[in-house]
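User: I've got a model open and would like to talk through its salt bridges, sheets and surface. Can you take my questions one at a time?

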Amino acid sequence: MFDSTLALLAEGYAWLPDRRRRRDGRPVTGRLLGKKVVALHGPDAVRFFYDERHVVRRGALPGPVLDTLFGRGAVHTLDGARHRARKALFTALLQDRGGLDRLAADLADQWTRARRRWDGLDRLVFFDEAGLLLTRAVCDWSGVPLPDDGAEGTARDLLAMVDGFASVGPRHLRARRARSRQEDRIARLVTEVRDGDRTAPEGSVLRAVADHRDDDGRLLDPHTAAVEILNVLRPTVAVAWFLTFAAHALHRWPEHGKRLADGDAAWARAFAQEVRRFYPFAPFAGGIAAADLRWEGQDIPEGSMVLLDLYGQNHDPELWPEPYAFDPGRFLGREPGRDELIPQGGGDPAVHHRCPGEDVVLTVLETLVPHLAELPYRVPEQDLRIPLNRVPTAPRSGFVMTPVP
């Protein structure tokens, strides 16, 4: 079988769904990075994929992805008891209702500050502004001080880590440098907190990670602690992609804006879920077959790579009628099934490798999208196409807007 790595880089989000269509819905097989690959699809596949008797994460993530997106030693690379002990740290931090309410307050405050600054601008790129706003909010909420030269450099680094993980060339190099820079800075903060040279608020991310002990009873080394703090900061700032998609949706379908601006909380929740379903975020999740397996008549040899189709499932007409119609109403009065809507993975976030930060994403969107809907602005002529061959993708222009005083 031909290796499909170059095809994946060229086709992006379309690579796996296109091959699944060619195989009439049967599991996709092939090779990536020289390793045999089998790709699965559907809610039953989600449950199969997140069972550690079937699929494990150790050795699954390529070095270039670790060196940009997740970091070496991250929770994403662990299995079994080590994973559960580390994951408990994140679920305690990211799923606490009081903590999420504090984050919402930080977000609203940062929006107010940004709004005052935007009133003096002739134009702004909303993606960049969203990343900056989120950086300020999540660093304040996390107890992670920003450097003396301000938030701009940190925001650029956190966005670069996400933007460059699935690329080659300059984007990838920028992502590597950004991660190295931020890991070094935050590792120094962790050491200062442990040595008593710096205070960190009780209950903050900085304090919790600095004090965390793994299942072996040992503190994380400063580098790994920095990696895990970045695994709170970076994904929160990555919601800039979803916020920009929300702006894109409000521009294309402005009829959804009034209910948001009027403070309809149920509509804000439904709108946030539909943004997460409709727009492209992660194309798939990956793991390693823990044993010789069989799925829907397809043999999966031990040690081969197993992919779970995220983008394709979120656009599957058997799960989502008219999947390419943007319809927040599909989520009114119902929360999606655990293994149906999977832009950030499936399974139980407490024990599986599903992202524990989904509540953070929803908090950000439910807090800020209503403010966006009531913001007076014009959308000048620009390229708002969203290329599916680029991972991660966004409107080409970054969504340029002209504030209206």
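User: Let's start with Arg330: which residue does Arg330 form a salt bridge with?
Analyst: Keep in mind that this is a predicted model. Arg330 sits in the loop between helix H15 (310-313) and helix H16 (358-374), while its partner lies in helix H14 (residues 265-278), so the pair ties together parts that are 56 residues apart in sequence. The closest N and O atoms are 3.2 Å apart, and the partner is Glu274.

User: Are Arg330 and Glu274 buried or exposed?
Analyst: The cut-off to use here is under 20% relative accessible area for buried and over 50% for exposed. Arg330 and Glu274 land in one class, and that class is buried.

User: What about Asp299 and Arg294: how far apart are the closest N and O atoms?
Analyst: These two side chains form a salt bridge, which takes a nitrogen within 4 Å of a carboxyl oxygen. Asp299 counts as partly exposed at 45% relative accessibility, and Arg294 counts as exposed at 52%. For this pair the closest N and O atoms are separated by 2.5 Å.

User: And which residue meets Arg334 in a salt bridge?
Analyst: Arg334 is partly exposed, with a relative accessible area of 34%. Its partner is partly exposed too, at 25% relative accessibility. The N to O distance is 2.9 Å, and the partner is Glu340.

User: Which residues are linked in a network of salt bridges?
Analyst: For context, the structure holds 33 salt bridges. One network of them links Asp44, Arg47, Arg338 and Asp339.

User: Arg234 is buried, so what is its nearest side chain of opposite charge?
Analyst: Arg234 belongs to helix H11 (residues 222-237). Its side chain does have a polar contact of 2.6 Å, with the side chain of Asn231. A salt bridge would need a distance within 4 Å. Arg234 has none, since the nearest side chain of opposite charge is 7.4 Å away, and that one is Glu228.

User: On to the sheets. What is the strand order in the open sheet of five strands?
Analyst: Start from the edges, which are strand E1 (28-32) and strand E3 (55-56), each pairing on one side only. Inside the sheet, strand E2 (residues 35-40) pairs with strand E8 (residues 305-309), and E8 is joined in turn to E5. E5 (residues 284-289) also pairs with E3. With mixed pairing, the order reads E1-E2-E8-E5-E3.

User: In which sense do E2 and E8 pair?
Analyst: In general, strands of a sheet pair through backbone hydrogen bonds, either parallel or antiparallel. Here Val37 stands opposite Met305 in E8. The two strands share four bridges, and their sense is parallel.

User: How many bridges join E5 to E8?
Analyst: One place to look is Ala285, which stands opposite Leu308 in E8. The two strands run antiparallel, and the number of bridges joining them is five.

User: Which residue in E5 does Val55 stand opposite?
Analyst: E3 and strand E5 (residues 284-289) pair in the antiparallel sense over two bridges. Opposite Val55 in E5 you'll find Ala289.

User: What is the order in the open sheet of three strands?
Analyst: Strand E4 (residues 124-125) is joined to E10 by two bridges and runs antiparallel to it. Strand E9 (residues 377-378) also pairs with E10 in the antiparallel sense, again over two bridges. E4 and E9 are the edge strands, each pairing on one side only, and the order is E4-E10-E9.

User: Which residue is the bridge partner of Arg378 in E10?
Analyst: On this side of E10, Tyr377 stands opposite Pro403. On the E4 side, Val125 has Val400 as its bridge partner. For Arg378, the bridge partner in E10 is Thr402.

User: Which residues point the other way from Val400 and Thr402 in E10?
Analyst: In a regular strand the side chains alternate between the two faces of the sheet. In strand E10 (residues 400-403), Val400 and Thr402 point one way, and all four residues are buried. Pointing the other way are Met401 and Pro403.

User: Last one: which residues make the nonpolar surface patch of about 330 Å²?
Analyst: Patch members need over 30% relative accessible area. Leu9, in helix H1 (residues 5-11), is partly exposed at 38%. The patch is made by Leu6, Leu9 and Val168.

Notes. Residues are numbered from 1 along each chain as its sequence is written. This is a predicted model: local features need pLDDT of at least 70, side-chain atom pairs count only at pLDDT 80 or more; totals for chains, interfaces and linings use all residues. Side-chain values use heavy atoms; hydrogens and water are left out. Patches are made of residues with over 30% relative accessible area and no salt bridge: like charges are joined within 9 Å, nonpolar side chains (Val, Leu, Ile, Met, Phe, Trp, Tyr) within 5 Å. Accessible areas come from the Shrake-Rupley method with a 1.4 Å probe; for residues, only the protein chains shown count as cover. Buried means under 20% relative accessible area, exposed over 50%, partly exposed in between (1.4 Å probe, protein chains only). Two strands pair if DSSP finds at least two bridges between them. Lys and Arg count as positive and Asp and Glu as negative; His and the chain ends are not counted. A polar contact is a pair of N or O atoms within 3.5 Å; within protein, one must be able to donate a hydrogen and the other to accept it, and residues adjacent in sequence count only if both atoms are side-chain atoms.
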